[in-house]
Amino acid sequence: MLKKQTVWLLTMLSLVVVLSVYYVTAPKNMNDSPAFTANKKTEKTTDQPSVAVEEAKKPSASGGTGDDLFTALRMKIEDERSRLRDELNAIVASANATAEEKNEALDKIEKLQALSEKEATLETLIKSKGGYEDVLVRADDNQVRVTIKAKQSSAKSANEVIHMVKKEIPDAEYVTVEFQPAG
């Protein structure tokens, strides 16, 4: 038990250091970036999955490069998931929580870990098969957003990406593919 606590503490300290360094070096007006704007979820009206393809032609409003944007998004996702994992671990460690609540929290932790692994697998798969410079996959519930940094985009390549996502994450009802110009 002591080793798990030590590993957890070192992981959290490393995360704090990385986030601190990033915060100090990050552009100041990063919240103006289109990637940080909230998307409204639409109601599902049919049993057919919805598929959307977007193409971004403008550079980000923060003036940063696509690499900075991808890194910022990855860090934001990891930060949110770490916070959620901490909350779930607190439930598991709580003496007041029932066995059912603890089991539910453990199941959520496992699902969160599996989702992170699927995202990483998809990023690597899409990057290698499509020859793209960078790929970011974000999965939430039944929605998967894929952002690809590429020199050129096409509906065919977006369709291939959607099929890869559906194969890896069959629960995905909404798949969005967005291309950002490489440059």
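## Exercises on a predicted fold

Read from start to end, the protein chain runs through the pattern α-β-α-α-β-β-α-β. Keep in mind that this is a predicted model. Let's work through it together.

### Exercise 1: The overall chain

Task: find how many helices and strands the protein chain has, and what percentage of its residues count as buried.

Solution. Start with the elements: there are 4 helices and 4 strands in the protein chain. Next, turn to burial: 32% of the 183 residues count as buried. Then look at the surface, where the protein chain exposes about 12,400 Å², with carbon and sulfur atoms supplying 55% of it. Finally, take the contacts with a separation of 6 or more: residues 24 or more positions apart account for 67% of them.

### Exercise 2: The aromatic pair

Task: classify the geometry of the pair formed by the rings of tyrosine 132 and phenylalanine 179.

Solution. A search of the whole structure gives 1 aromatic pair. Its ring centres, in tyrosine 132 and phenylalanine 179, are 6.3 Å apart, and the planes meet at 65°, so the pair is edge-to-face. The cut-off used here is that planes over 60 degrees apart count as edge-to-face. Now place the partners: tyrosine 132 sits in the loop between helix H3 (99–130) and strand S2 (134–140), while phenylalanine 179 belongs to strand S4 (residues 174–181), so the pair ties together parts 47 residues apart in sequence. As for accessibility, tyrosine 132 and phenylalanine 179 are both buried.

### Exercise 3: Salt bridges in different settings

Task: for the salt bridge between lysine 108 and glutamate 104 and the one between arginine 145 and glutamate 178, decide whether the partners are buried or partly exposed.

Solution. The count comes to 8 salt bridges. In one of them, the side chains of lysine 108 and glutamate 104 meet at 3.6 Å, N to O. Both residues lie in helix H3, 4 residues apart, or about one turn of the helix. Lysine 108 has 42% relative accessibility and counts as partly exposed; glutamate 104, at 43%, is partly exposed too.

Now take arginine 145 and glutamate 178, whose side chains meet in a salt bridge at 3.8 Å, N to O. Arginine 145 is in strand S3 (residues 143–150) and glutamate 178 in strand S4, so this pair ties together parts 33 residues apart in sequence. Here both arginine 145 and glutamate 178 are buried.

### Exercise 4: A network

Task: which residues are linked with Lys127 in a network of salt bridges?

Solution. Begin with lysine 127 and aspartate 134, which form a salt bridge with their closest N and O atoms 4.0 Å apart. Lysine 127 is partly exposed at 36% relative accessibility, whereas aspartate 134 is buried at 10%. The network links Arg74, Glu123, Lys127 and Asp134.

Methods:
Residues numbered from 1 in each chain as written. Predicted model: local features only at pLDDT ≥ 70, side-chain atom pairs only at ≥ 80, totals over all residues. Heavy atoms only, no water. Phe/Tyr/Trp six-rings, centres within 6.5 Å; stacked < 30°, edge-to-face > 60°. Helix = DSSP H or I, 4+ residues; strand = E, 2+ residues; numbered from the N terminus. Buried < 20%, exposed > 50% of the residue type's maximum accessible area, 1.4 Å probe, protein only. Contact = heavy atoms within 4.5 Å. Areas by Shrake-Rupley, 256 points an atom, 1.4 Å probe, with all protein chains shown as cover.
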